[in-house]
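Got your viewer open? Let's take a short walk through this one, picking residues as we go.

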Amino acid sequence: MAQRKERIDRGIKVRSDDVFALTSWREMAYLAFPRVVPVVLLFLLGAVASIYWERVLVTTCMFALLAISWDILASAGMVSLGQALFFGVGAYIAGTLNHYFGISPWLTIPIATLGGGVVCTLVLLPVLRLRGIYFAMVTMILPLMIERVIEATKIFGGTEGISGLNTLGNVHTEFLVAAVMVWVVLFSFRRMMSTDYGLLLKGINDNDRAVMSAGMNIYYYKAQALFLSSAVGAFAGAFMTHAYQFVGMPVFALDYSIIPIASVAVGGAGTLAGPMLGSFILVPLSELLRGLGGLRVVIYAVILVVCTVGLPEGIFHYLSRKYNQFERWVKVER
Amino acid sequence: MSEKTILQAQDLSKNFGGVKAVDGVSFSLRRNEVLGVIGPNGSGKTTLANLITGFVKPSRGKVIFDGKNITGMAPYKVADLGIARSFQMVKPFYQLPAFKNLNVALLSPRLRRLSGGRFGDRDAMAKDLLEEVGFERDSWVITHQAASLPHGYLKRLELAKCMALQPEIIVLDELFSGLSLAEVASMVPVIEKLVAQGKTLVMIEHRLKELFRIADRVIVLNFGQKIAEGVPAEVMEDPQVRGAYLGSEAEE
Ligand SMILES: Nc1ncnc2c1ncn2[C@@H]1O[C@H](COP(=O)(O)OP(=O)(O)O)[C@@H](O)[C@H]1O
Ligand SMILES: [Mg+2]
């Protein structure tokens, strides 16, 4: 008796139909499992980690937010090479509010989140019409320019930066806030992308001319996506400012633009969860490799290349495909 | 402008660098009329569509829609006023299922206005529209990602996207190109139904035989200029048109 391998998609009907899913415990578990397990896992990790690794987890969460913020923007057809702009603007708003006005971090962070969103959106509004690489170039240059401006004008502490800022409390508090924020952002934006609003953003990404010819002002929607994305990035910057108790020119460094993009490449674009997963691989990895000195960057780069070449669709797409499909052998009568 | 005129182009011109893509074209479109636009490749047909729908700003001339000057207006505003268009290069929203492609137009401010502030069941409306242009209602095709649709369906989807906007005028840029005879034959009744519903159509076409059956009037472009205008049969008798299409021996 010969055998043939078949690939079957699990419960497409179920997943496309929320109400139907509620009729079966098995299906509910099937839907809940990939959401609940990572959430629980992250909080468990935070609970058992040493202080050092808890700090690493906090940083990882912030890079995850930057990567998600990149993906939000990309979903609406804007490719950015400058998440550092969002990060840096948020960082400086929080830092200066805390230093010059003595405002508590619990207030500076929300203010910097909204304020950073508004500032970055206004700054990029004039170039919203640029497409592809032209938009990307502007976003890359802006943070580097601001860095030079701070250096030249010596504002906000100039090259020294501002130190001695307040913290949110101990590292456990920071971890809790960071982890909760990451999940809230991830799940709410994933939800958003599945609504008609998300559909519109995807439409702009696919074919902006067709969206315009449907009578939609695409610049209005692109500006909104830009605000959402930059607010998330600004939150990360503001948060890290208080975690480091310092804000200075390095917040506009290329790291904050490049690592999110690498995370997206590893994790898989367009899912928001992929970029987050990518960050949770790359950032701790870079910590693990710290002992290796000069070779660190080389090994890091090799891993990055292997990941992106081996799984060009991204790890998240791969995992979710495997989860939603199964293969089985069936007997074939000859 | 007479009562029945819905769209008027006056001396429309567009230069791309040195190329006069459209050169001093004037015409007027009556309400509920089907106007054919024909001409050889590169004669400026697509550019003319872009000029009317705001995707290209004219170097000279005016576009007047319903008594309102819409020259140089942003494309989304033109669409909002009620001029829909299809694109010669079909490019669906690849990531979305076929029927969700229509939801973008169904979400537009124009649709909200027309439906009195309520959107209604967009998915059902989208599926109805797809059925109208010839998708089989309960087949997998309408829920499948648009990226994987065959060309014939993509063309139908283009038409459905235009219809979703409930426009006054539909500008169709080579809707029939790349379709089989049978596919064209099945789409002609859809177009005829639109006309019966009172829509005004501008059809840019290379498939003259099918076009001439639908069009009330035809204008012919050559090197950006309008060289003839009239009912289909007359136009093809015009020596200049025959020259442009068939080549002439006299012109050395
Ligand atoms: N965006 C553009 N930039 C430069 N030249 C263009 C552009 N669009 C069209 N053209 C030129 O204008 C002329 C008319 O093109 P088009 O309107 O596409 O003709 P048709 O649709 O009749 O084939 C061609 O010579 C083409 O190369
Ligand atoms: Mg053309």
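Before you select anything, one cut-off will help: a residue is called buried when its relative accessible area is under 20%, exposed when that value is over 50%, and partly exposed in between. Keep in mind, too, that this is a predicted model.

Start by selecting Tyr92(A). Is Tyr92(A) buried or exposed? Its relative accessible area is 5%, so Tyr92(A) is buried.

Now add Phe156(A), which is partly exposed at 34%. Across all chains there are 14 aromatic pairs, and Tyr92(A) with Phe156(A) is a tilted one, with 5.8 Å between the centres and 40° between the planes. This pair ties together distant parts of the chain: Tyr92(A) belongs to helix H5 (residues 83-101) of chain A, while Phe156(A) is in the loop between helix H7 (132-153) and strand S2 (162-163), 64 residues apart.

Staying with rings, pick Tyr30(A), Phe33(A) and Tyr323(A), which make up one aromatic cluster.

Next, look for charges over rings. Select Arg129(A): its charged end sits over the ring of Tyr219(A), 4.0 Å from the centre. Hop to chain B and you'll find the charged end of Lys127(B) over the ring of Phe99(B), 4.6 Å from the centre.

Last stop: Glu287(A), in helix H13 (residues 273-288) of chain A. Glu287(A) counts as buried, at 17% relative accessibility. Which residues does Glu287(A) touch, leaving aside its neighbours within four places in sequence? Show Tyr52(A), Trp53(A) and Val56(A). Val56(A) is 231 residues away from Glu287(A) along the chain, yet their C-alpha atoms are separated by 7.7 Å. Finally, add Arg290(A), whose side chain makes a polar contact with the side chain of Glu287(A) at 3.0 Å.

How values were computed: Residues numbered from 1 in each chain as written. Chains lettered and ligands numbered in written order. Predicted model: local features only at pLDDT ≥ 70, side-chain atom pairs only at ≥ 80, totals over all residues. Heavy atoms only, no water. Phe/Tyr/Trp six-rings, centres within 6.5 Å; stacked < 30°, edge-to-face > 60°. Helix = DSSP H or I, 4+ residues; strand = E, 2+ residues; numbered from the N terminus. Buried < 20%, exposed > 50% of the residue type's maximum accessible area, 1.4 Å probe, protein only. Lys NZ or Arg CZ within 6 Å of the ring centre and 35° of its normal. Contact = heavy atoms within 4.5 Å. Polar contact = N/O pair within 3.5 Å; in protein donor to acceptor, adjacent residues only side chain to side chain.
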